[in-house]
Amino acid sequence: MAKISNVLYRANATSTGGREGKSVSSDGALDVKLTTPKELGGNGAFGTNPEQLFAAGYSACFIGAMKFVGGRDKIAVPADVSINATVGIGQIEGGFGIEVELKISLPGLDRATAEKLVNAAHLVCPYSNATRGNIDVTLTIV
């Protein structure tokens with residue numbers, strides 16, 4: 001496990017009530033109602049869930065990693081870059097697990113350059129580093 005030598009930022013949020021509760025960041029910028037999806041036994045009430053939050057966080061962070069790598073490696077990341085992230089949850093031996101697919105759109109970038117950028121970003125992205133070897137992560141360039 002890689003140890004962080006110099007923490008640059010710490011985020012803080014408090015959750016109450018589990019999947020039928022709420023999560024609030026310490027600065028109040030994030031304040032979300034949590035609900036359980038119907039597929040997991042919920043009643044379909046309006047709200048978000050940990051899988052949606054993970055999908056949003058991973059996709060945003062991965063774009064940041066591509067911009068970092070693009071700057072370092074002199075690759076122009078398109079302004080309209082986008083990632084559609086899907087997080088699946090299901091049973092594994094002894095509990096539950098997740099899987100992730102990132103569908104990465106890099107309009108105007110040739111395939112070879114896009115692959116180089118995505119592969120390099122996957123090595124530096126904190127979410128990729130946290131999940132590597134723990135869950136299935138599929139990177140698809142669309």
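1. The largest nonpolar core of this predicted model has 24 residues, and those touching the most other members are Phe62, Met66, Ile104 and Leu106. Two or more residues each come from H1, S4, strand S5 (95-105) and helix H2 (111-124). The greatest contribution is that of H1, which supplies seven residues. As background, nonpolar side chains in soluble globular proteins tend to be buried together.

2. Leu106, one of the core residues with the most contacts to other members, can be followed further. With neighbours within four places in sequence left aside, Leu106 is in contact with Met66, Val77, Pro78, Val81, Ala114, Leu117, Val118 and Val142. Met66 also belongs to the group that touches the most other core members.

3. Helix H1 spans residues 50-73 and includes Ser59. The relative accessible area of Ser59 is 11%, so this residue is buried, the limit for that class being under 20%. Not counting residues up to four places away in sequence, Ser59 touches Ile83 and Ala85.

4. Strand S4 covers residues 82-92 and holds Ile89. Ile89 is classed as partly exposed because its relative accessibility is 33%, and that class lies between 20% and 50%.

5. Ile89 also takes part in a nonpolar patch on the surface, together with Leu40 and Phe96. The area of this patch is about 280 Å². Membership requires over 30% relative accessible area, and Ile89 has 33%. S4 is thus to be read in two ways: the strand gives two or more residues to the core, and it is also where Ile89 of the surface patch is placed.

Technical notes:
Residues numbered from 1 in each chain as written. Predicted model: local features only at pLDDT ≥ 70, side-chain atom pairs only at ≥ 80, totals over all residues. Heavy atoms only, no water. Patch = residues over 30% accessible without salt bridge, like charges linked within 9 Å, V, L, I, M, F, W, Y side chains within 5 Å. Areas by Shrake-Rupley, 256 points an atom, 1.4 Å probe, with all protein chains shown as cover. Salt bridge = Lys/Arg side-chain N within 4 Å of Asp/Glu carboxyl O. Helix = DSSP H or I, 4+ residues; strand = E, 2+ residues; numbered from the N terminus. Buried < 20%, exposed > 50% of the residue type's maximum accessible area, 1.4 Å probe, protein only. Contact = heavy atoms within 4.5 Å. Core = buried A, V, L, I, M, F, W, Y, C linked by side-chain atoms within 4.5 Å.
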